[in-house]
Amino acid sequence: MEKTNIPIGPQHPLLKEPLRLNIEIDGEQVLGSYLRLGYVHRGIEKLAQTRNYNQNIPLIERVCGICSYVHTTTYCRAVEELLGLEVPERAQYIRALMCELERVHSHLLWLGILAKHIGLDMIFMHTWNDRELILDIMEALSGGRIAHAVNQIGGVRFDLKAEHAEMIEDAVKKLNQEYHQLDEILENEPTLRGRTQGVAPISTEEAKRYCVVGPVARASGVDVDMRRDDPMPPYDKLDFQVITHADGDAWARTYVRLQEIRQSLHICDQIIDSISEGPTSVRARRKVPPGEVVMRSEAPRGEVFYYLRSDGSEYPARLKIRTPTLPVLGILPKQLSEIHVADIPVVLAGVDLCVACADR
Amino acid sequence: MAETLFILLIFPGIAFQLVSSWLFEWLDRKFQALFQRRVGPRWFQPLADMLKLFSKEDILPLGTNEFAAAVLPLTSIAAVLTAGIYVPIAGFSPASFEGDLIVILFLLSFPTFTYYLAGIISMGVYNDLGAGRALLQFFSYEVPLLLALSGPALMAGSWSIQGIASAQLEMGPFVLFQPLGFILAVVGLIGKLKRDPLDIPKAKSEVIAGSLTEFTGVKLAFWNMVVNIQAVVGIFLLVNLYFGWSDIAAPALAISVFFLESILMMVVLSTASAVFARLRIDQLAGFGWRVLVPLALVQLLAVILIGA
């Protein structure tokens, strides 16, 4: 068979977000690929300069449709650092709790998508069903399932009540049981292993060279986690492990994410146990003193990076966001070569693209 | 004349096969829904789906051979309906003859070739990929399937399905003597029906809908009918070859046992769909020739040695 180009996207059953991949194939062999981005560019960084610091919070929330909370948290922390504000401890714990819940639901969502792409619809339905538990908790806590709009500069707008704590403890118990099942499937299912093991591995050197972050880097043996390396309080007081795996293939990424779900559930338990009473926010001034700041957090997909410059007015002078998907897009053309056509979904799902984040 | 028309149009012809194909499609969707913690569709959903497809506009890309696109689904549905007439239903077989097993196996393979042609004639890259995969898959599952299905024929000493099925009245169900052959036949059937986990030619995340990507409306409805009737005929065939039925003298008992066994087969197919991930085409080819074919030969050898 001669060389053919197959288009993937901007609309394709494989993609939930618009992205264009032109893949050159020879029979069932992928030779190379060409990537085109920008279908969901919304100009958020420029838009942020035209709104004041408070108005920017709902805007920043819309950078990502899955991990919206970690973005607003990072933004608020950046502004708080410029203002020199000390956030109450209770607010710090609640922020960490929301981030961990978000990580669990993001990883469950991701696992479901991978399973669906390789024809395991059963796992897809089960993980998305479990994800509803988390979304219900988030809705009870903040009023929103995905976009919460509850962060504010100086703290959070809501409080963790006793009934919420109970809900979370129940969910953690249930999810821990589900987790054991998923773990067993991952270890023992021969077809799942057959489809993911050895598919498009990223070596440790490659991961470092392309600056890949998050679970993808950790699955390639790069021991990096912003929660431990540059901890926002209260992560320095919490006990958790950074999961790494040496293989770097799609199976290793699945393994790492599954283990991280358990770590996150463990963190949630600790937060519920050790959260102290107190106020959840402090008042912040509207005008921010001039200066610049860099803030990093660990989103479900890896490190998010915020650069914020203030000129002393009510509006940010510059806001730069780097999302974890960006370095992954760099390594994607390399990943999408010398594989089978059937491996394309596994590769794309394995690196967990968030196109809206990358386009902003 | 009237009797022939009844056989062709009502039982076990078009009407019976259509109704049972809807029934089994519904059962399949219901079982899969149970696996996925869903409620599943109501009983008339397959019929409603088909009627809706009939009402859709029928469009094909420019450059497609319209005549072939119209003829291919019709010929394949004719092939599977013909196959259905020769498969005995609970011992009732109006058109049985010595060697009908071979005819049916050919007729059931026919849609694979029309599926391939459908991919080639309609313009598009996904169709080409899906069509190529369909043929590759055919060569992987067909040989072990044929080898496995010759086991019951050799054991019964007859190449008519009726003969094989009635031989089991005395000897007991062949699934007890040839469990390996039965498993191979189920794998082959899954491959033939392009069902998950062997839905490689129409894997949604890889090739959209394979050969049928560009088909819509009535033509797509006919293609769906082909697969559903093929499933029913395949299930009935395996039930005949490996389970047989109870005494024909008591028709009510024979019919209920036959359908129970068929539903059991559907459960097996649905379970396989639910718990296994889709294989890659190279994995399937390797699996077919390195695992399934040797196993089928072992089974066949065992049958011959025991028979001798």
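Strand 1 (3-8) of chain A is joined to strand 2 (residues 20-26) of chain A by 6 bridges, and the two run antiparallel. Strands here are DSSP runs of E with at least two residues, helices are runs of H or I with at least four residues, and both are numbered from the N terminus. Two strands pair if DSSP finds at least two bridges between them. This is a predicted model, in which local features need pLDDT of at least 70, side-chain atom pairs count only at pLDDT 80 or more, and totals for chains, interfaces and linings use all residues. Residues are numbered from 1 along each chain as its sequence is written, while chains are lettered from A and ligands numbered from 1 in the order in which they are written.

**Sheet 1-2-3-9 of chain A**

- The sheet is open, has 4 strands in the order 1-2-3-9, and pairs antiparallel.
- Strand 1 and strand 9 of chain A are its edge strands, and each pairs on one side only.
- Between strand 1 and strand 2 of chain A, Asn5(A) stands opposite Glu24(A), and Thr4(A) has Ile25(A) as its bridge partner.
- Side chains alternate along strand 2 of chain A. Leu21(A), Ile23(A) and Ile25(A) point to one face and are buried (20 or more other C-beta atoms within 10 Å of the residue's own, with C-beta atoms placed from the backbone; 12 or fewer is exposed, and in between is partly exposed). Arg20(A), Asn22(A), Glu24(A) and Asp26(A) point to the other face and are not buried.
- Strand 2 also pairs with strand 3 (residues 29-36) of chain A, in the antiparallel sense, over 7 bridges. Ile23(A) stands opposite Ser33(A) in strand 3 of chain A.
- The hairpin of strand 2 and strand 3 of chain A has 2 residues between the strands, and Gly27(A) takes a positive phi near 65 degrees there.

**Sheet 6-7-8 of chain A**

- Here 3 strands form an open sheet in the order 6-7-8, with antiparallel pairing.
- Strand 6 (291-299) and strand 8 (316-322) of chain A each have a single partner strand, so one side of each is left without a neighbour in the sheet.
- Neighbouring strands of this sheet are turned by 15 degrees against each other on average, direction ignored. Axes are lines fitted to C-alpha atoms, for helices over the stretch in contact, and angles run from 0 to 180 degrees between N-to-C directions.
- Strand 6 and strand 7 (residues 302-310) of chain A run antiparallel and share 9 bridges. Glu298(A) stands opposite Glu303(A) in strand 7 of chain A.
- Helix 3 (residues 68-83) of chain A packs on the sheet and touches strand 6 and strand 7 of chain A. Contact requires C-beta atoms, placed from the backbone, to lie within 7 Å. The direction of helix 3 makes about 150 degrees with that of strand 6 of chain A.

**Helix packing in chain B**

- Helix 6 (residues 125-156) and helix 9 (residues 179-193) of chain B pack at about 145 degrees, with their axes 8 Å apart.
- Residues making this contact include Tyr141(B) and Leu145(B) of helix 6, and Leu184(B) and Val187(B) of helix 9 of chain B.
- The contact residues divide into 8 nonpolar, 6 polar and 1 charged. Ala, Val, Leu, Ile, Met, Phe, Trp, Tyr, Cys and Pro count as nonpolar, Asp, Glu, Lys and Arg as charged, and the others, Gly among them, as polar.

**Interface of chains A and B**

- Chain B gives 24 residues to the contact and chain A gives 23 residues.
- On the side of chain B, helix 6, helix 10 (204-207), helix 12 (251-275) and helix 13 (281-307) give two or more residues.
- That side has 12 nonpolar, 3 polar and 9 charged residues.

**Backbone features**

- Cis peptide bonds join Pro233(A) and Pro234(A), with omega about 10 degrees, and Asp196(B) and Pro197(B), with omega about 5 degrees.
- Ala200(A) is not a glycine, yet has a positive phi of about 45 degrees. Ala200(A) is buried, with 24 other C-beta atoms within 10 Å.
- Glu338(A) is not a glycine either, and has a positive phi of about 60 degrees. Glu338(A) counts as exposed, with 12 C-beta neighbours inside 10 Å.

**Confidence**

- The model scores ipTM 0.85 and pTM 0.88.
- Chain B has a mean pLDDT (the predictor's confidence in each residue, from 0 to 100) of 88, and 98% of its residues reach 70 or more.

Conventions:
Contact = placed C-beta atoms within 7 Å.
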